[in-house]
Amino acid sequence: MTTLAKSLTKNNIRDLVPYASARRSMSGGNIWLNANESPFANEYHLDSSVLNRYPDFQPPELIKAYANYAGVQTDQVLASRGADEAIELLIRTFCEYDEQVLICPPTYGMYAISAQTCGIEVKKVPLKTDFSLDIENIKAAKNKVKVVFICAPNNPTGTLVNHEQIKQVLEIFKNTAIVAVDEAYIEYASEQTVASWIAKYDNLAVMRTLSKAFGLAGIRCGFTLANRDIIEAMSKVIPPYPISWPVAQIACQALTESGLAKMAEQKAIVLAQKERIQTALDKADYVYEQIDSASNFIMFRSQAKKALFAAFLDAGILIRDYSGQIMLDNSLRISIGSQADTDAVIAVLEAFKG
Ligand SMILES: *Cc1c(COP(=O)(O)O)cnc(C)c1O
C-alpha cells in the first residue's frame with residue numbers, strides 16, 4: 001500500500017489482517033481438503049435470455065424453494081452472497097458503533113473480521129475444554145453485546161452445540177441481542193437444526209449456505225432464516241441486487257427434488273469417506289486426539305503436525321493447520337473429499353512414520 005493510501009485508510013482497516021481464506025492462502029497441492037467444500041461438481045443449465053435485466057431483489061422462486069427445504073415461511077428467508085454476507089449484514093443492521101459482537105473461539109474466523117471491518121468490538125468467550133459453550137462467562141460478558149455468533153456444528157472443531165446451551169444463550173440475550181446460529185454444516189447433522197425455533201425466539205437468526213453440502217461454494221449463495229422483523233431490518237441494509245440471475249438459476253436447480261436427492265446421495269458418500277479417515281486416524285500412533293465430528297471435516301492433534309502437514313503437501317494434498325489458534329495446540333483439520341481423495345489421504349496416513 002502506498003503511504004498516501006495508508007494514511008487515508010480508516011484506523012480499523014489499516015491494521016486489519018484479512019481473513020486467510022483457503023483460496024487466498026493456497027500453497028500448492030492438487031487435492032484441496034482445506035476449505036470444507038464438496039468434492040462433487042454438478043451440472044447446471046443457464047438461461048441467458050434474462051441477463052439484460054436486473055435480477056429480482058430476492059428471487060421469489062429461490063426464496064420459495066429454500067423456505068420449503070428449511071421448513072419455514074417465505075417471509076422468514078433472506079438470500080445473500082453466501083453466509084459470509086449474512087454475517088456482515090447482521091453486524092451492520094444491529095450493532096451501534098459502541099456495541100459489541102460476542103464470539104466463542106475457536107470458531108469461524110469471519111465473525112471477528114466482519115466486526116472489525118465495521119469498527120465493532122469483538123468480545124471473546126472461549127469454549128470450554130470439551131468445546132461446549134461457557135454459559136457462565138457468556139452471561140457475565142452480556143453488557144454491550146448486540147450480536148452473538150454460535151457456530152453449530154462448529155468450524156473448525158466439527159463439534160455440535162448442545163440444544164440446551166443454545167436455549168440458554170437465547171434466554172440470556174432475550175431482550176438485548178440477536179443470537180445468530182451458523183448452520184453452514186447442518187446438512188451433515190440435519191436433525192440438529194434449530195430453524196424451527198425462529199417461531200418461538202424473536203432474537204434468533206439461523207445462517208445457512210449452499211457452499212458446503214450442496215457443492216456450490218463457487219456461486220456464493222447463503223440464507224438467513226429468522227422472523228419477519230429481523231429479515232425486514234436486514235433487507236434495508238443488503239444491496240439491491242445481491243443474487244444474480246445465474247446464481248438464482250443454479251440455486252433453484254440445486255433445490256429441486258432431484259437436486260436435493262443428489263445432495264443427499266453425495267453427502268452419504270462424504271460421510272462414508274469420513275469414517276474411513278477416522279478409522280485410519282484411530283490407527284495412527286502419532287495422532288493423540290481426534291475430535292468428534294458432526295460435519296464434513298475432521299480435526300485431530302498430533303505432535304508431528306508440522307511433518308504430517310508437509311507429508312500431505314508432498315502428496316499434493318492441501319489440508320489446514322490450526323495449531324496456532326486458541327485451544328487448538330497441534331491441531332490439523334482435514335476436509336472430507338471424494339473416494340479417490342480419501343484413498344490418497346489414507347495412503348499418506350499409513351506411510352507416515354511420526
Ligand atoms: C464456509 C462457512 C461460511 C461461509 O459460507 P459462504 O456461504 O460460502 O459465505 C459461513 N460459516 C461457516 C461456519 C463456514 O464454515
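The legends below describe close-up views of a predicted model. Local features need pLDDT of at least 70 and side-chain atom pairs count only at pLDDT 80 or more, while totals for chains, interfaces and linings use all residues. Residues are numbered from 1 along each chain as its sequence is written, and side-chain values use heavy atoms, with hydrogens and water left out.

**View 1. Cys104 and Cys151, two cysteines outside any disulfide.**
A disulfide is a pair of cysteine sulfur atoms within 2.5 Å. By this rule the model has 0 disulfides. Cys104 takes part in none, and the cysteine sulfur nearest to it, that of Cys151, lies 11 Å away. The distance from the sulfur of Cys151 to that of Cys104 is too far for a bond. Both residues are buried: the relative accessible area is 6% for Cys104 and 5% for Cys151. Here buried means under 20% relative accessible area, exposed over 50%, and partly exposed in between, with a 1.4 Å probe and protein chains only.

**View 2. The largest cavity, with Cys104 and Cys151 in its lining.**
On a 1 Å grid over the protein atoms alone, a cavity is a set of points where a 1.4 Å probe fits but cannot get out; lining residues have an atom within 4 Å of a point. Grid points are joined across faces, edges and corners, and a volume is the space filled by probe spheres set on the points. The count is 2 cavities of 30 Å³ or more. The largest cavity holds about 60 Å³ of space. Besides the two cysteines, its lining includes Thr107, Leu127, Phe131, Phe149 and Asn154. By class, this lining has 8 nonpolar residues, 2 polar and no charged ones. Ala, Val, Leu, Ile, Met, Phe, Trp, Tyr, Cys and Pro count as nonpolar, Asp, Glu, Lys and Arg as charged, and the others, Gly among them, as polar.

**View 3. The second largest cavity.**
About 40 Å³ of space lies in this cavity. Among the residues that line it are Ala152, Pro153, His163, Glu183 and Gln192. The lining divides into 7 nonpolar, 2 polar and 1 charged. Val161 is one of the lining residues here, and Val161 is also in the lining of the largest cavity.

**View 4. The second largest pocket.**
A pocket is an open set of grid points with protein on both sides within 12 Å along at least five of seven lines. This pocket has about 540 Å³ of space. It is lined by 24 residues, and Ala35, Asp84, Tyr108, Lys212 and Arg220 lie nearest its centre. Helix α4 (residues 82-94) gives the most to the lining, with 3 residues. Helices (H or I, at least four residues) and strands (E, at least two) are DSSP runs, numbered from the N terminus. The lining residues divide into 9 nonpolar, 7 polar and 8 charged.

**View 5. Strand β7 and its partners β6 and β8.**
Two strands pair if DSSP finds at least two bridges between them. β6 (residues 178-182) runs parallel to β7, joined by 4 bridges, and Asp182 stands opposite Met207. β7 and β8 are antiparallel and joined by 5 bridges, with Thr209 opposite Gly222. In β7 (residues 204-209), 6 of the 6 residues are buried, so the strand is largely enclosed by the rest of the structure. Leu204, Val206 and Arg208 point one way, and Ala205, Met207 and Thr209 the other.

**View 6. Strand β2 beside β8.**
β2 is joined to β8 (residues 222-226) by 4 bridges, and the two run antiparallel. Leu78 of β2 faces Thr224 as its opposite residue in β8. From β2 (residues 77-80), Val77 and Ala79 point one way and Leu78 and Ser80 the other way, and all are buried.

**View 7. The open sheet β9-β10-β13-β12.**
The 4 strands follow this order, and the pairing is antiparallel. β9 (289-290) and β12 (320-321) stand at the edges, each with a single partner strand, so one side of each is left without a neighbour in the sheet. β9 pairs with β10 (residues 297-301) over 2 bridges, and Gln290 stands opposite Phe300.

**View 8. Glu99, a buried loop residue.**
Glu99 is in the loop between α4 and β3 (100-103), at 17% relative accessibility. Not counting residues up to four places away in sequence, Glu99 touches Phe94, Ile120, Glu121, Lys144 and Lys146, where contact means heavy atoms within 4.5 Å.
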